[in-house]
Amino acid sequence: MANVEQGKASLLEGIVPESVIARTEKRWLIAMVAMLAFLMAIVVTSGITHAIRAPTNVETIDPTTLHISGEFIESNLGSALEPDGSITVRGIADQYAFVPECMRVPAGTPVKFRLTSVDVIHGFLLPFTNVNTMVVPGFVSELRTRFDRPGVYRMPCNEFCGPGHQGMWTRVVAVPREQFPSLTPTGRAICAQQ
Ligand SMILES: [Cu+2]
């Protein structure tokens, strides 16, 4: 009995006064708001200075008529030179291949990828670049990059898309800038030595 009384007494003594709890909570609240403000400042600053945008390009397309008409007919796929000197690469992801199987682009030039899918969701990721997007049927995925040096980027489909997924590869080949104009549209879409 004496022990129980003793225990009660020490428990009561151990309770933290309300004012102390309130003060601690207030400090943690201030620390949390400061952290949130700091993180938001990073997001806003990098968004403004690095032109980072959320993936807001919502452009729809009918996946059932891609091969019949419009921008993604077969003859229009691959790398195209724009009047301003930049490159637009149009491609289709399809179980289990990318069309074209090879995408040759010039190094040191702004490149815009426009990709869509005819069936399920695929993934397009070029290692060591900022290129990383899902390719979704019904939508056009658009992203911009620039390859500083010539090189070969072998790329597996980056989103599990079915039993043949592991065999779904493409290559993006950045060729020296001066070499690109001599390539024919067909030559830009095959990776075999020419
Ligand atoms: Cu795939």
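**Figure 1. Two helices and ten strands make up the protein.** Welcome to the overall view of this predicted model. Reading along the sequence, we meet the elements in the pattern α-α-β-β-β-β-β-β-β-β-β-β. The protein has 194 residues, and 20% of them are buried. Among contacts with a separation of 6 or more, 60% join residues that are 24 or more positions apart.

**Figure 2. Helix H2 covers residues 18-49.** From the first C-alpha of H2 to its last, the distance is 46 Å. That is close to the 46 Å expected for its 32 residues at 1.5 Å a residue. Are the residues of H2 buried or not buried? The count of buried residues in H2 is zero, and the helix is hardly covered.

**Figure 3. Strand S2 (87-94) is largely enclosed by the rest of the structure.** The reason lies in a simple count: six of the eight residues of S2 are buried, so the strand has the rest of the structure around it. Which strand pairs with S2 in the parallel sense? That partner is S5, and the pairing runs over seven bridges. Two positions help to find this pairing on the model. Val 89 has Phe 113 of S5 as its bridge partner, and Ile 92 stands opposite Thr 116, also in S5.

**Figure 4. Strand S1 (residues 78-81) and strand S2 run antiparallel and form a hairpin.** Four bridges join the two strands. One of the positions to look for is Ser 79, whose bridge partner in S2 is Val 89. Between the strands of this hairpin there are five residues. Here Gly 85 takes a positive phi near 90 degrees.

**Figure 5. A hairpin also joins S2 to S3, with two residues between the strands.** Strand S3 spans residues 97-99 and runs antiparallel to S2. How many bridges join S2 to S3? There are three bridges, and in S3 the bridge partner of Ala 93 is Phe 98.

**Figure 6. Strand S5 (110-117) pairs with strand S8 (residues 141-146).** This pairing is in the antiparallel sense and extends over six bridges. To find your way, look for Leu 115, which stands opposite Ser 141 in S8.

**Figure 7. The largest nonpolar core has 23 residues.** Inside this core, the residues with the most contacts are Val 89, Val 105 and Val 111. Two or more residues come from each of the strands S2, S4, S5 and S10. Which strand gives the most to this core? It is S2, with four residues. As general background, nonpolar side chains tend to be buried together in soluble globular proteins.

**Figure 8. A close-up of Val 105 shows its contacts beyond its neighbours within four places in sequence.** Ser 79, Ile 87 and Val 89 are among the residues in contact with Val 105. Its other contacts are Val 111, Phe 147, Val 172 and Ala 174. Val 89 may be familiar by now: it is also the bridge partner of Ser 79, and it has Phe 113 as a bridge partner in S5.

**Figure 9. Three strands form an open sheet in the order S4-S10-S9.** The pairing in this sheet is mixed. Why is one side of S4 and of S9 left without a neighbour in the sheet? Strand S4 (102-106) and strand S9 (151-156) stand at the edges, each with a single partner strand, so one side of each has no neighbour there. On average, neighbouring strands in this sheet are turned by 20 degrees against each other, direction ignored.

**Figure 10. Strands S9 and S10 (residues 169-175) run antiparallel.** Six bridges join them. One pair to look for is Pro 156 and its bridge partner in S10, Trp 169.

**Figure 11. Arg 154 is found in strand S9.** Is Arg 154 buried or exposed? With 12 C-beta neighbours inside 10 Å, Arg 154 counts as exposed. Leaving aside neighbours within four places in sequence, Arg 154 is in contact with Trp 169 and Arg 171. Arg 154 and Arg 171 are 17 residues apart along the chain, and 4.5 Å separates their C-alpha atoms.

Terms used
Residues are numbered from 1 along each chain as its sequence is written. This is a predicted model: local features need pLDDT of at least 70, side-chain atom pairs count only at pLDDT 80 or more; totals for chains, interfaces and linings use all residues. Two strands pair if DSSP finds at least two bridges between them. Axes are lines fitted to C-alpha atoms, for helices over the stretch in contact, and angles run from 0 to 180 degrees between N-to-C directions. A nonpolar core is a set of buried Ala, Val, Leu, Ile, Met, Phe, Trp, Tyr and Cys residues joined through C-beta atoms within 7 Å. Two residues are in contact if their C-beta atoms, placed from the backbone, lie within 7 Å. The expected span of a helix is 1.5 Å times one less than its number of residues.
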